Amino acid sequence: MSPSMIAPVVEEENKKYQKGVKHLCDNGVTKVPTKYIWPEPDRPIFTKSDKLIKPKGNLKLPLIDLAELLGPNRPHVLQTIAEACETYGFFQVVNHGMEGDVSRNMIEVCKRFFELPYEERSKYMSSDMSAPVRYGTSFNQIKDNVFCWRDFLKLYAHPLPDYLPYWPSSPSDFRSLAATYAKDTKEMFEIMVKAIIESLEIDGGDEAVEELEEGSQLMVVNCYPPCPEPELTLGMPPHSDYGFLTLLLQDDVEGLQILYRDEWVTVDPIPGSFVVNVGDHLEIFSNGRYKSVLHRVLVNSTKPRISVASLHSFPLTSVVKPSSKLVNELNPPQYMDTDFATFLQYLSSREPKWKNFLESRKIHCIR
């Protein structure tokens, strides 16, 4: 086949993948297409020197009891938060008050959204990263050379009245249930961010808390359909979160892995809990004391998986820099000032990988 004949075929194949993995699965895909097959060293399980590399046992993250945090035991809980942010970059929150209908309803209505016909979901497809609602696939479907086994729905959520009219109107109860969830997670974030600032032992940290409370909130609903060959692909590639703090709600299907002591370990999902992780902005703000840790997502061949990440940070117009309270002659700034526009410019110029953006903001970085 001549090159002039191959090009239209390739273009047609790419169009098919742009519709997402849910669309592929709904149309009966039985093998992972080449576009989704990761290089052997990047796969979750691969053969090297004829040995099968098996994943380690599940990791139980430090547990933060929100009721304890708000009670007389607060100093001890703050110490646990500090240690978790320094050691793992992750912890799990229980007794947060959302164990009941709010979180259950959010998972359920998101499942129903992804079960809608493709034509209904595709109304929200956009390559505009600042769109109030964006449906898409992979990690960055414009830049990714290899796709990952994931569709997503991104919803800007603060200020809620500004964005709510743009959110999907189908299923009919999507807006009401998602709005309740967005408000409740924002309240949880406000409790957690006060604890984070306090755990850093910053005098006069109220200014940062107030700025973060008025900051950005982006909700990302992730759909990982069953994959016929999960050993060949990933649901999400290794990455750190751009933002200050992420609150993640998962269903009961495991898949989240974090890089801990140079090993990929699966996080043990605790029903009804939230996984909270340090974002790049918190690493910058803490001047490197708290680490945004690489994480990725595995898929499986039998069960669909839904997760909802609520990413919180400073206002999109803010400049993010190390806290002046944590910088001195002995501990100079480790990161350059940054902002959302710099991040978008970076993303538009290359394929995002690992912690490359944060590395580019380090002062010692040679570019």
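A residue counts as buried here when its relative accessible area is under 20%, and by that cut-off both Y36 and W149 are buried. Keep that in mind while you look around this predicted model. Below we visit the aromatic pairs, two groups of strands, the surroundings of S286 and the cysteines. The model holds 15 aromatic pairs and zero disulfides.

**Aromatic pairs**

- A good place to start is the pair Y17 and Y36, whose ring centres are 5.5 Å apart with the planes at 90°, so the pair is edge-to-face.
- Y17 sits in helix α1 (residues 3-18), while Y36 sits in the loop between α2 (21-26) and β1 (47-48), so this pair ties together parts that are 19 residues apart in sequence.
- Y17 and Y36 are both buried.
- Y36 also pairs with W149, again edge-to-face, at 5.3 Å centre to centre and with 70° between the planes.
- W149 belongs to the loop between β5 (133-137) and β6 (151-156), and Y36 to the loop between α2 and β1, so here the pair ties together parts that are 113 residues apart in sequence.
- Elsewhere, one aromatic cluster is formed by F113, F114, Y124, Y135 and F174.

**Strand β9 and its partners**

- Strand β9 (residues 245-250) is mostly covered, with six of its six residues buried.
- L245, L247 and L249 point one way from β9, T246, L248 and Q250 point the other way, and all are buried.
- Strand β12 (residues 274-278) pairs with β9 in the antiparallel sense over five bridges.
- Within that pairing, L248 has V275 in β12 as its bridge partner.
- Strand β14 (residues 305-313) also pairs with β9, in the antiparallel sense and over six bridges.
- For L247, the bridge partner in β14 is S310.

**The four-stranded open sheet**

- An open sheet is built from four strands in the order β8-β13-β10-β11, with antiparallel pairing.
- The edges are taken by β8 (236-239) and β11 (263-266), each of which has a single partner strand, so one side of each is left without a neighbour in the sheet.
- On average, neighbouring strands of this sheet are turned by 25° against each other, direction ignored.
- The antiparallel strands β8 and β13 are joined by two bridges.
- If you want a landmark for β13, look at H295, which stands opposite H239.
- On edge strand β11 you will find T266.
- T266 has a relative accessibility of 6% and counts as buried, because that value is under 20%.
- The side chain of T266 makes a polar contact with the side chain of Q257, at 3.1 Å.

**Around S286**

- S286 lies in the loop between α10 (280-285) and β13 (295-297).
- With a relative accessible area of 4%, S286 is buried.
- Setting aside neighbours within four places in sequence, S286 is in contact with L200 and L326.
- The side chain of S286 also reaches the backbone oxygen of E283, at 3.3 Å.
- S324 is 38 residues from S286 along the chain, and the C-alpha atoms of these two serines are separated by 9.6 Å.

**Cysteines**

- A disulfide is a covalent bond between the sulfur atoms of two cysteines.
- Why is the sulfur of C25 in no bond with the closest cysteine sulfur? That closest sulfur belongs to C227 and is 7.3 Å away, which is too far for a bond, because a disulfide needs the two sulfur atoms within 2.5 Å.
- C223 is likewise in no disulfide, and the nearest cysteine sulfur, that of C25, is 8.3 Å away.
- Are these two cysteines, C25 and C223, buried or partly exposed? C25 counts as partly exposed at 24% relative accessibility, whereas C223 is buried, with a relative accessible area of 5%.

Methods
Residues numbered from 1 in each chain as written. Predicted model: local features only at pLDDT ≥ 70, side-chain atom pairs only at ≥ 80, totals over all residues. Heavy atoms only, no water. Buried < 20%, exposed > 50% of the residue type's maximum accessible area, 1.4 Å probe, protein only. Contact = heavy atoms within 4.5 Å. Polar contact = N/O pair within 3.5 Å; in protein donor to acceptor, adjacent residues only side chain to side chain. Pairing = 2+ DSSP bridges. Axes fitted to C-alpha atoms, helices over the stretch in contact; angles between N-to-C directions. Phe/Tyr/Trp six-rings, centres within 6.5 Å; stacked < 30°, edge-to-face > 60°.
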